[in-house]
Amino acid sequence: MNEQAQFTFDSCLSCTACMSVCPVMAATPDYKGPKLVGVAHERMHFSQDDIEDSLELCTNCKNCDRTCPSDVKVSTLNMIARADYFKNHPHSRLDDLLAHHENIARKVRKLPLGQHWANLGLRLGSRLHAFK
């Protein structure tokens, strides 16, 4: 499907249906939208280092794929662009920690009273309404 998705950007009608259902666009003005980040950027890809900064905000919810009348695989194009970027650019430490939370849990378990302190932090956070 990746090979097929790479060639679907030419089918985009620029109808903005994908942008009207994007939850990230509704949540933050920093995200330019699935059409501009995935499809339009793929059409105008000038160099290997050319990347849309807001690409990392895409949550890959696939709402754009479902609503596209031309069946453009917008979310797949976004993920292909993101994968190409990270072939040459390392993930940030925070991204790595969030993606591999099992490593953190394993390290916390090895600490004396590590689980106790982690659970205490979660309970305090929920009581203070820090996590919603």
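**Exercise 1. State which helix holds Arg 109, and which residues gather with Arg 109 in a patch of positive charge.**

Solution.
Step 1. In this predicted model, Arg 109 sits in helix α8, which covers residues 101-110.
Step 2. The patch of positive charge lies on the surface and brings together Arg 106, Lys 107, Arg 109 and Lys 110.
Step 3. Patch members must have over 30% relative accessible area and no salt bridge, so Arg 109, as a member, meets both conditions.

**Exercise 2. Find the loop that holds Leu 113, describe its phi, and decide whether Leu 113 is buried or exposed.**

Solution.
Step 1. Leu 113 belongs to the loop between α8 and α9, the latter spanning 114-127.
Step 2. The phi of Leu 113 is positive, near 60°, and the residue is not glycine.
Step 3. The relative accessibility of Leu 113 is 58%. Exposed means over 50%, so Leu 113 counts as exposed.

**Exercise 3. Do the same for Ser 14: give its loop, its phi and its class of accessibility.**

Solution.
Step 1. The loop that carries Ser 14 runs between α1 (2-6) and α2 (17-20).
Step 2. Ser 14 is not a glycine, yet its phi is positive, at about 60°.
Step 3. Its relative accessibility is 40%. This value lies between the 20% limit for buried and the 50% limit for exposed, so Ser 14 is partly exposed.

**Exercise 4. Place Lys 35 in the chain, decide whether Lys 35 is buried or exposed, and say how far Lys 35 is from Cys 64 in sequence and in space.**

Solution.
Step 1. Lys 35 is part of helix α4, made of residues 34-43.
Step 2. The relative accessible area of Lys 35 is 14%. Because buried means under 20%, Lys 35 is buried.
Step 3. Along the sequence, Lys 35 and Cys 64 are separated by 29 residues. In space, their C-alpha atoms are 8.5 Å apart.

**Exercise 5. Describe the chain as a whole: how many helices and strands are there, what share of residues is buried, and what is the accessible surface?**

Solution.
Step 1. The chain has nine helices and zero strands. In sequence order this gives the pattern α-α-α-α-α-α-α-α-α.
Step 2. Of the 132 residues in the chain, 26% are buried.
Step 3. The accessible surface is about 9500 Å², and carbon and sulfur atoms account for 57% of that surface.
Step 4. Take the contacts between residues at least 6 apart in sequence: 55% of these join residues at least 24 apart.

How values were computed. Residues numbered from 1 in each chain as written. Predicted model: local features only at pLDDT ≥ 70, side-chain atom pairs only at ≥ 80, totals over all residues. Heavy atoms only, no water. Patch = residues over 30% accessible without salt bridge, like charges linked within 9 Å, V, L, I, M, F, W, Y side chains within 5 Å. Areas by Shrake-Rupley, 256 points an atom, 1.4 Å probe, with all protein chains shown as cover. Salt bridge = Lys/Arg side-chain N within 4 Å of Asp/Glu carboxyl O. Lys, Arg positive; Asp, Glu negative; His and termini not counted. Charge placed at Lys NZ, Arg CZ, Asp CG, Glu CD. Helix = DSSP H or I, 4+ residues; strand = E, 2+ residues; numbered from the N terminus. Buried < 20%, exposed > 50% of the residue type's maximum accessible area, 1.4 Å probe, protein only. Contact = heavy atoms within 4.5 Å.
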